[in-house]
Structures are given as C-alpha cells and as structure tokens.
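Here's a set of exercises to work through with the model open in your viewer. Try each task before you read its solution.

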Amino acid sequence: MATRKNAKEAGPAPKRIKPTNKYEKPQPIPLGTILTDSQRSQWKVGCAIGSGGFGEIYAAYSLNAPVPKQFAAFPYVVKIEPHENGPLFVEKNFYMKFCRPNDIEKYRKRFKLKHLGVPNYVGSGTHDLNGIKHRFLIIPRYGESLESVLQRHERCLPLQAVYRIALQIVDVLEYIHVCGYVHCDVKAANILFADDAYDRVYLVDFGLATKCDEAFKPDPKKKHNGTVEYTSRDAHLGVSTMRGDFEVLAYNLIQWAGGKLPWDEEKILKDCNKVQLMKEASMGDGIPEGFLKRCFPKSKNPPKPLADFIKLVVYLSHNSKPNYAGCTQVFDKALKQLGVAKVGDMGLAPTNEPSSSVPSTSGPLVAKTKRKNVKATAKQGNPLPDTVPNTPETSATTSTRVTRRSTQSELHATVSSIGQIPEGTVSKSPSGISFQIETPKKSSRCIPGIAANANYSPRVLLVKINIDSNVNLNIETTRTLRKKPATVGRGKGPIRKAKPTRNMREPSTDEDITLHVSDASDEADQSRSIFD
C-alpha cells in the first residue's frame with residue numbers, strides 16, 4: 001500500500017502518444033541521445049528521418065567510429081517503438097536470425113547473385129525514455145525510397161526500371177521464403193535505393209513478416225494483414241503464403257508501370273471486404289489480360305511481361321513454392337526486348353538537383369553591407385550538430401533565434417544582433433549565446449597597384465556561439481576598390497579628365513562580408529560546417 005501511495009504522490013505517469021491503429025507511437029527522442037545495444041556498443045541518435053505506422057526512424061552513428069561531418073553522412077538508422085508493440089519485436093527477431101552479414105553474403109555467392117537487397121543486422125537493444133521502456137533496432141542507412149521516386153515521376157516509371165526492380169525483389173522474396181518466412185508488405189515505401197546511383201534496391205520493414213502457413217487455415221485475427229491496397233487474397237483470409245507475396249508484388253508492378261488498380265479509390269479502400277471481393281473477381285478467373293486492360297484503360301497493349309508474371313502467380317497452389325526461375329526469365333526476356341542491360345543506371349536519378357538526397361551543409365554564408373553596418377542572415381539549411389534537443393528552442397528576449405524542427409530536420413537561424421560594429425572589441429551574450437567580435441589593428445600591407453591608405457584596414461570578426469558546443473563564426477570583410485577619376489585644370493581652359501594614377505585610387509565604402517561557420521565539438525578534433 002505504501003508503494004501505491006508514493007506512486008500517486010509522485011504525480012501522474014507521462015502520457016503516451018496513441019496512434020490511429022492499436023499500436024502506441026514512441027515519444028520523440030532528444031537529439032544526441034546515447035543508445036547502448038545488447039552487445040554494449042553505443043550509438044548516438046541524430047535527427048528524425050521518417051516514421052511508420054508503428055514507430056519512428058532516426059539517423060545514427062557509432063561512437064566507436066569517427067564523428068560524421070554532417071547528418072547526411074550518418075551511416076545507420078535507428079528504428080524505435082514502445083516495448084509493448086509487436087511489429088518491431090518480429091522484425092528484430094527476423095534480422096537477428098537471418099540477416100547476419102555473413103549469412104547474406106554466403107547466400108549471394110552460392111546463387112551467384114550480383115546483389116541481394118536484404119539489409120544487414122547491425123544491433124538492437126532496449127532504452128528507457130521518460131520511464132517508458134522502448135525497443136530499438138539498428139540497420140544500415142540507405143538512399144531514397146521508391147515511393148518518393150514514383151511521386152517525382154508522376155506515378156509512372158520507365159518499363160526498364162519496373163522490370164529491373166522486379167528482378168531484385170524476386171531474389172529478396174526467394175531468400176525470405178528459403179528462411180521459411182513471408183514478407184506480407186511489399187510496397188514502394190518499403191523499397192529503398194542503395195545510394196544515389198539508383199541501380200540497386202533493398203526491401204525493408206519486416207514488421208509484418210511471419211512464418212509461412214503450411215496448412216490453409218483462415219485466421220480471423222490476421223484477416224486483411226498488410227497494406228489493404230496490395231494485400232493478397234490469401235492475406236485477406238488471414239493465411240500467410242508464399243504465393244501471396246508474389247501477388248502483392250504483381251499489384252505493385254501494375255502501379256509502378258503507370259496502371260491503376262480497380263479498387264484504388266478512397267471510398268473502396270475503407271472497406272477491406274469490398275476490396276477482397278474485387279480482387280477475387282479480377283484474379284480468380286485466371287485470365288490476367290482482361291484484368292490488365294482494366295488497369296491500363298488508355299493503353300491498347302498493356303505490358304505483356306506483367307501478364308506473363310501474373311499467370312505464374314494465379315496458377316500456384318497455396319502450399320507450393322513460386323517458380324522463382326520462371327519469374328526471373330520473364331523479366332530477363334523483357335529487358336532483352338527493350339535492349340537494356342540488367343546493371344547500371346535505371347534512369348531514375350533526379351534531374352536539375354544535387355546528387356545527394358540530403359542537402360549539403362558546407363559553404364560560407366555571404367552578406368553585403370555598407371561601412372560598419374554588419375547584418376547577417378543565415379540561409380535555411382540542415383540542422384545543427386547533434387547536440388541540440390529534438391524540440392523547438394526560441395528566445396523572446398533577443399533578436400537571435402534558433403528554431404529546431406525534428407520532423408522536417410530543418411534549421412531556421414537568424415543572426416541579427418550584431419548590429420553596428422564600432423572600432424575595438426565588443427562582446428554580447430544574448431540568451432546564452434555569446435558573441436565575441438574582434439577588430440585587428442590596421443594593416444600597413446600594400447595591395448599591388450594601390451597606394452597605401454591609412455584609412456584602409458581589412459577586418460576579421462570572430463563570433464563564438466555556445467549552444468552545448470562551440471560554434472566558431474568567422475566574418476571576413478574585404479573592401480571593393482574602384483577607380484575615381486581626377487580632374488586637372490590648365491589655366492583658364494576647360495577642365496578635362498586625367499588618367500588615374502596610383503595615388504588617385506581610393507577604396508570605396510562598400511564591403512563584402514563573408515561568414516564561415518564551423519562546429520568545434522569536443523567529441524572529435526575536426527571542424528564541421530553547419531550552414532549552407
């Protein structure tokens with residue numbers, strides 16, 4: 001009884017975020033949190049880079065490795081969920097059993113595959129956040145998702161890309177099936193490109209992976225598992241089968257090629273039973289040509305390789321293994337007919353954009369001013385180094401503002417409190433951010449072609465900003481020199497312009513101010529630029 005009384009006096013327990021489904025969402029993890037996995041390895045959490053139906057995903061790096069210079073270089077991701085959630089428990093166990101790097105490499109060499117898009121298991125463990133126990137999983141970080149690429153291509157990919165991605169996913173599904181499991185949730189959002197080369201893909205998110213059912217026994221508790229738009233007819237009944245994974249892939253291939261599934265309407269997708277009936281009517285007759293014509297109403301000849309692939313799927317029995325070699329031959333033949341190789345660029349790289357999916361965080365910040373009125377504004381760029389919490393921080397008492405948005409991983413920073421810079425050294429400390437501005441002595445150095453000027457002095461201003469770590473801001477001012485015509489009078493005649501000489505040149509009052517910002521973190525002896 002005393003324990004209960006003390007618990008009540010301690011105040012209410014922290015509220016948990018409840019999602020629309022039956023699983024609980026984790027609370028945001030503060031930037032810079034240290035996670036210790038089951039092998040005692042430590043990982044530092046970066047910015048949030050995504051979220052799913054069951055948990056959040058953050059960038060991370062190992063404390064045993066050098067500190068990355070920017071968030072884009074964080075080599076791992078951490079997926080975290082409350083301990084009561086089931087999907088991450090299933091996913092973690094699958095990774096631990098079947099996704100060891102050595103096992104994947106042995107399988108790839110055994111079947112002579114150039115690439116196998118199964119992520120490697122890196123680590124896992126538990127972490128207490130605000131008194132709530134969480135489970136986390138660490139895997140390598142990959143590139144852009146196929147869903148993002150689809151949006152960029154207006155939901156229609158080149159056929160060569162569709163067939164090449166299909167080949168790689170067939171290899172992944174075969175590996176999962178050899179392990180005795182089925183994925184159950186193949187879709188564009190769960191397919192990631194390896195890097196900016198856009199030639200290899202990985203299938204991720206094994207939260208719904210389950211053992212294959214040997215007997216066909218519908219389970220009402222597992223009915224409609226997966227993403228309803230692509231859920232197989234077997235999964236609608238609550239049965240996990242290998243042929244179900246290939247049926248899910250078939251629905252995806254239709255969409256990737258620019259087709260539209262008959263049940264792909266918002267009102268219909270709300271009714272899982274209606275979607276199930278429409279799939280039975282479309283796929284149950286065993287004639288995929290008619291189904292594809294409905295999916296591609298504007299095309300006289302829907303892609304024949306898709307029809308051939310669907311035929312291999314619909315004729316499978318519930319407990320038989322798919323014809324992996326036959327499926328591979330279908331897409332190999334299609335690529336040969338298109339005259340396209342199975343390796344190299346798929347033609348999906350973004351145009352008129354940087355090659356990296358995450359903007360670079362290097363480069364100076366440039367501003368122009370007149371005389372000694374220095375006013376600098378930082379451009380919108382990547383977030384600060386991983387020592388700032390994943391929560392907004394604003395100060396109403398100063399014109400210097402730093403705002404951190406954890407969901408979009410953006411930083412909006414404005415440095416406007418420098419104001420007028422007099423001669424000498426000025427120090428300001430608004431809201432915990434200290435500025436130290438120094439003006440060196442006048443230089444007697446002569447610029448070639450220009451006479452020495454007593455009023456000319458290049459200035460270097462040092463601004464130190466302390467936000468859990470030291471950020472050095474170096475401002476260099478350079479005066480712009482321009483010719484000033486002189487006048488020479490001869491007697492009573494008209495005044496004419498004379499050619500300028502060295503002594504007639506004077507520097508203008510305009511100055512270019514260049515700000516170089518670097519992070520002097522005590523975690524590593526290296527500088528990191530944090531502004532674009």
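**Exercise 1. Start from an annotated residue.** Find the residue that carries the UniProt feature "binding site", then say where it sits, whether it is buried or exposed, and what it touches.

*Solution.*
- Step 1: The UniProt record, an unreviewed entry, puts "binding site" at Lys 79. Keep in mind that you're looking at a predicted model.
- Step 2: Lys 79 is found in strand β4.
- Step 3: Its relative accessible area is 16%, and buried means under 20%, so Lys 79 is buried.
- Step 4: Skip the residues up to four places away in sequence, and Lys 79 touches Glu 56, Ile 57, Leu 88, Glu 91, Arg 135, Phe 136, Leu 137 and Asp 205.

**Exercise 2. Take stock of the whole chain.** How many helices and strands are there, what share of the residues is buried, and what share of the contacts between residues at least 6 apart joins residues at least 24 apart?

*Solution.*
- Step 1: Count the elements: the protein chain has 12 helices and 20 strands.
- Step 2: Go through the 532 residues, and 45% of them count as buried.
- Step 3: Take the contacts between residues at least 6 apart in sequence; 63% of these join residues at least 24 apart.

**Exercise 3. Chase the rings.** How many aromatic pairs does the structure hold? Work out the geometry of Tyr 61 with Phe 74, and then that of Tyr 95 with Phe 206.

*Solution.*
- Step 1: The total is 18 aromatic pairs.
- Step 2: One of them is Tyr 61 with Phe 74, with ring centres 5.0 Å apart and planes at 75°, which makes the pair edge-to-face.
- Step 3: Now place the partners. Tyr 61 is in strand β3 (residues 56-62) and Phe 74 is in the loop between β3 and β4 (76-82), so the pair ties together parts 13 residues apart in sequence.
- Step 4: Check burial: Tyr 61 has a relative accessible area of 2% and is buried, and Phe 74, at 3%, is buried as well.
- Step 5: Move on to Tyr 95 and Phe 206, another edge-to-face pair, at 5.4 Å centre to centre and 80° between the planes.
- Step 6: This pair links distant parts of the chain, 111 residues apart: Tyr 95 belongs to helix α2 (residues 87-98), while Phe 206 is in the loop between β9 (201-203) and β10 (210-211). Both Tyr 95 and Phe 206 are buried.
- Step 7: Follow the ring pairs outward and you get a cluster of Phe 94, Tyr 95, Phe 98, Tyr 181 and Phe 206.

**Exercise 4. Parallel or antiparallel?** Decide how helices α5 and α7 run relative to each other, and list the residues that make the contact.

*Solution.*
- Step 1: The axes of α5 (residues 159-178) and α7 come within 11 Å and cross at roughly 165°.
- Step 2: Angles over 145 degrees count as roughly antiparallel, so that's the verdict for α5 and α7.
- Step 3: For handedness, α5 passes α7 in a right-handed crossing.
- Step 4: On the α5 side, the contact uses Val 162, Ile 165, Ala 166, Ile 169, Val 170, Leu 173 and His 177; on the α7 side it uses Met 242, Asp 245, Phe 246, Leu 249, Leu 253 and Trp 256.
- Step 5: While you're in α7 (residues 242-256), look at Gln 255. Gln 255 counts as buried, with 9% relative accessibility. Beyond its sequence neighbours up to four places away, Gln 255 touches Arg 155, Glu 229, Tyr 230, Leu 261 and Asp 264.

**Exercise 5. Look at what covers a helix.** Which residues of helix α11 are buried, what covers them, and how does α11 run against α12?

*Solution.*
- Step 1: In α11 (residues 304-314), the buried residues are Pro 305, Leu 306, Ala 307, Phe 309, Ile 310, Val 313 and Val 314.
- Step 2: Their cover includes α5, α6, α7, α9 (272-283), α10 (288-295) and α12 (324-338).
- Step 3: The α11 and α12 axes come within 10 Å and cross at roughly 175°, so α11 is roughly antiparallel to α12.
- Step 4: Pro 305, Asp 308, Phe 309 and Leu 312 of α11 meet Gly 326, Cys 327, Val 330, Phe 331 and Ala 334 of α12.

Terms used
Residues numbered from 1 in each chain as written. Predicted model: local features only at pLDDT ≥ 70, side-chain atom pairs only at ≥ 80, totals over all residues. Heavy atoms only, no water. Helix = DSSP H or I, 4+ residues; strand = E, 2+ residues; numbered from the N terminus. Buried < 20%, exposed > 50% of the residue type's maximum accessible area, 1.4 Å probe, protein only. Contact = heavy atoms within 4.5 Å. Phe/Tyr/Trp six-rings, centres within 6.5 Å; stacked < 30°, edge-to-face > 60°. UniProt positions renumbered as here; feature names shortened; annotations may be inferred. Axes fitted to C-alpha atoms, helices over the stretch in contact; angles between N-to-C directions. Parallel < 35°, antiparallel > 145°, perpendicular 65-115°, else oblique. Left-handed = near helix turned anticlockwise from the far one by under 90°.
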